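Take a look at the chain below. We will start at a single residue and work outward from there.

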Amino acid sequence: VYEKILVAEAIGDQSKEKLAGGYMVWGKSSFTRQVEQPEIAVVLEGELHLDVDGRTLVGNPGDMIYFPKGAVVDYNAPQHVKLACVNCI
């Protein structure tokens, strides 16, 4: 069964109609950030290591990752990584 879903609904903030999209590229580095709004990221290239609430995840090309509002995330790219991101603004 095919079902249409809006990205704003998928990331859990139906009251906000405006979305922002973009991408990030970096390599051999790490940083920590707190997610300000619900966000979806898709790994386009490379490998991404994430630590979220004590849990380690590894994202590879094609993987989609959901970040809830308020999550503190440690990002680590052992080599090169490129992400496409969409979030509510």
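Is Gln37 buried or exposed? This is a predicted model, and the answer is computed from its atoms. Gln37 has a relative accessible area of 17%. The cut-off for buried is under 20%. Gln37 is therefore buried. Its place is in the loop between β1, residues 19-34, and β2. Along the chain, Gln37 and Gly70 are 33 residues apart. In space, their C-alpha atoms are separated by 7.3 Å.

Now step back to the whole chain. The protein chain has 89 residues, and buried residues make up 29% of them. It holds 1 helix and 6 strands. The helix comes before the strands, in the pattern α-β-β-β-β-β-β. Contacts reach far along the sequence. Take those between residues at least 6 apart: 74% of them join residues at least 24 apart. The accessible surface comes to about 5800 Å². Carbon and sulfur atoms account for 52% of that surface.

Next comes strand β2, which spans residues 39-46 and includes Glu39. Glu39 has a relative accessible area of 5%, so this residue is buried. Which side chain does Glu39 join in a polar contact? The partner is Arg33, and the contact is 3.1 Å.

Glu39 also touches Phe67. Phe67 is a good place to see how several parts of the chain meet. Leaving out residues up to four places away in sequence, Phe67 touches Val35, Gln37, Pro38, Glu39, Ala41, Leu50, Val73 and Tyr75. The buried Gln37 from our opening is thus on that list.

Phe67 leads on to the nonpolar core. The largest such core has 16 residues. Which of them touch the most other members? They are Leu48, Leu50, Phe67 and Val73. Four strands each supply at least two residues of this core: β2, β3 (48-52), β5 (64-67) and β6 (72-88). The largest share, 6 residues, comes from β6.

Strand β3 deserves a closer look. How do its two faces compare? One face is covered and carries Leu48, Leu50 and Val52. The other is uncovered and carries His49 and Asp51. Leu48 and Leu50, on the covered face, are among the core residues that touch the most other members.

β3 also pairs with strands β4 and β6. With β4, residues 55-59, the pairing is antiparallel over 5 bridges. Within it, Leu48 stands opposite Gly59, and Asp51 has Thr56 as its bridge partner. The two strands form a hairpin with 2 residues between them. In that turn, Asp53 has a positive phi of about 50°.

With β6, β3 again pairs in the antiparallel sense, over 4 bridges. Which residue of β6 stands opposite Asp51? Asp74 does. Asp51 thus has Thr56 of β4 as a bridge partner and stands opposite Asp74 of β6.

Technical notes: Residues are numbered from 1 along each chain as its sequence is written. This is a predicted model: local features need pLDDT of at least 70, side-chain atom pairs count only at pLDDT 80 or more; totals for chains, interfaces and linings use all residues. Side-chain values use heavy atoms; hydrogens and water are left out. Buried means under 20% relative accessible area, exposed over 50%, partly exposed in between (1.4 Å probe, protein chains only). Contact means heavy atoms within 4.5 Å. Accessible areas come from the Shrake-Rupley method with a 1.4 Å probe; for residues, only the protein chains shown count as cover. A polar contact is a pair of N or O atoms within 3.5 Å; within protein, one must be able to donate a hydrogen and the other to accept it, and residues adjacent in sequence count only if both atoms are side-chain atoms. A nonpolar core is a set of buried Ala, Val, Leu, Ile, Met, Phe, Trp, Tyr and Cys residues joined through side-chain atoms within 4.5 Å. Two strands pair if DSSP finds at least two bridges between them.
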